Amino acid sequence: MPLINNKVGDDGTVGKDKALVDGKALVDSLIKVVACYRVLATCVGGCTDSLQLRDELRQTREKAQRLAMAIRSHLTSHLRDKSLPEEQRKEMEILWVGFSSSLELLHVDMCKVFNMGDIFSLSKKETRVQNGLQGGGSEVAARALSVPDLNQPQSTSLPAEFESHERSTMEKDISQLDHMIDDMEMKVNVLRWMVEPHGPQYPDPLSSTDSASLLSVDEEQPGHQPLHQRRKLFVLLLLVAVVLVGATLSICIVFFS
């Protein structure tokens, strides 16, 4: 009787599946960090702007850059692999589009923070805009950095040359991120308009089927009348009231004439 070798899975396929899972986890982490950085960026120049906020922006930016470097190396090596299966290549291209879009958003927000920091200096509190926002920055930064809490006592005094050093560092980071985006487009040619997502789609808030079922439920419920029926009832009552008033006036005229 011939022996049959039942192999559970190929090592190469398993390794590529793991690479796809790791890529999704990295891109999801970057999207969350970029979203947190955007929320923090909206506070620059406002009444919640402080030394702690600028430091939280710096930490969030640095984490986003570390994630971007890891994702670029991970996705580039796999997308340039000629032996990558077509289905996994499509998944990698979707991750690439999400990754590059997140980098562009991060670049825009970094430029915004850089320009706003030039207008609203920490040393001049009178220039800040009283926008009514209160708190929330530490929780957002803690979520981005995956730490328990950032609401710890920090120095309120402005270190010497803090803003100038931060601006020079941020200017280098913006230039580095801009160069990274250009380098990515040179190494991997993924046309965004050709990439089609095929994941689970979000349902419509209220489809035609749901609206029809809601209407049928409204009709079946006792004591609940649709809007057009209430309007007809109101018009009927109004006509009855007019007739009664007319009849009363006629009777008064007959008796008093």
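A salt bridge is a side-chain nitrogen of Lys or Arg within 4 Å of a carboxyl oxygen of Asp or Glu. Keep that in mind for this tour, since a search of the whole structure finds 9 salt bridges. The model in your viewer is predicted.

**Stop 1: the whole chain**

Start with the full protein chain in cartoon view. You will find 7 helices and 0 strands, so the pattern along the sequence reads α-α-α-α-α-α-α. Of the 257 residues, 32% are buried. Now look at how the chain meets itself: among contacts with a separation of 6 or more, 81% are between residues 24 or more positions apart. If you switch on the surface, about 17,700 Å² of the protein chain is exposed, and carbon and sulfur atoms supply 60% of that area.

**Stop 2: a salt bridge between two helices**

Next, select Asp 109 and Arg 38. These two form a salt bridge, with their closest N and O atoms 3.0 Å apart. Asp 109 sits in helix H3 (residues 86-119) and Arg 38 in helix H1 (residues 11-41), so this pair, 71 residues apart, links distant parts of the chain. Which of the two is buried, and which is partly exposed? Asp 109 is buried because its relative accessible area is 4%, while Arg 38 counts as partly exposed at 37%.

**Stop 3: a network in helix H2**

Move on to Asp 55, Arg 58 and Glu 62, which are linked in a network of salt bridges. On one side, Arg 58 meets Asp 55 at 2.5 Å, N to O. On the other, Arg 58 pairs with Glu 62, where the closest N and O atoms are 3.2 Å apart. Why are Arg 58 and Asp 55 about one helical turn apart? Because they are 3 residues apart in helix H2. Arg 58 and Glu 62 are also separated by about one helical turn, because they lie 4 residues apart in that helix. Colour the three by accessibility and you get Asp 55 as buried at 18%, Arg 58 as partly exposed at 24% and Glu 62 as partly exposed at 28%.

**Stop 4: Glu 166**

Keep Arg 58 on screen and add Glu 166, which belongs to helix H5 (residues 162-187). Apart from neighbours within four places in sequence, Glu 166 is in contact with Arg 58 and Arg 61. Add Arg 61 to the selection too: its side chain makes a polar contact of 3.1 Å with the side chain of Glu 166. Glu 166 is buried, because its relative accessible area of 12% is under 20%.

**Stop 5: Ser 77**

Now follow helix H2 (residues 51-79) along to Ser 77. Ser 77 is partly exposed, with a relative accessible area of 45%. Its side chain makes a polar contact with the side chain of His 78, at 3.4 Å. Then select Val 188 as well: the C-alpha atoms of Ser 77 and Val 188 are separated by 9.5 Å, although the residues are 111 apart along the chain.

**Stop 6: residues 233-256**

Finish with residues 233-256, which an unreviewed UniProt entry lists as a "transmembrane region". In this model the stretch is 100% helix and 0% strand, with its end C-alpha atoms 35 Å apart. Select Leu 233, Leu 236, Leu 237, Val 240 and Leu 244 to see a nonpolar surface patch of about 470 Å². Leu 233 is in helix H7 (residues 227-256) and counts as partly exposed at 42% relative accessibility.

Notes
Residues are numbered from 1 along each chain as its sequence is written. This is a predicted model: local features need pLDDT of at least 70, side-chain atom pairs count only at pLDDT 80 or more; totals for chains, interfaces and linings use all residues. Side-chain values use heavy atoms; hydrogens and water are left out. UniProt positions are given in the numbering used here, feature names are shortened, and annotations may be inferred rather than shown by experiment. Buried means under 20% relative accessible area, exposed over 50%, partly exposed in between (1.4 Å probe, protein chains only). A polar contact is a pair of N or O atoms within 3.5 Å; within protein, one must be able to donate a hydrogen and the other to accept it, and residues adjacent in sequence count only if both atoms are side-chain atoms. Contact means heavy atoms within 4.5 Å. Patches are made of residues with over 30% relative accessible area and no salt bridge: like charges are joined within 9 Å, nonpolar side chains (Val, Leu, Ile, Met, Phe, Trp, Tyr) within 5 Å. Accessible areas come from the Shrake-Rupley method with a 1.4 Å probe; for residues, only the protein chains shown count as cover.
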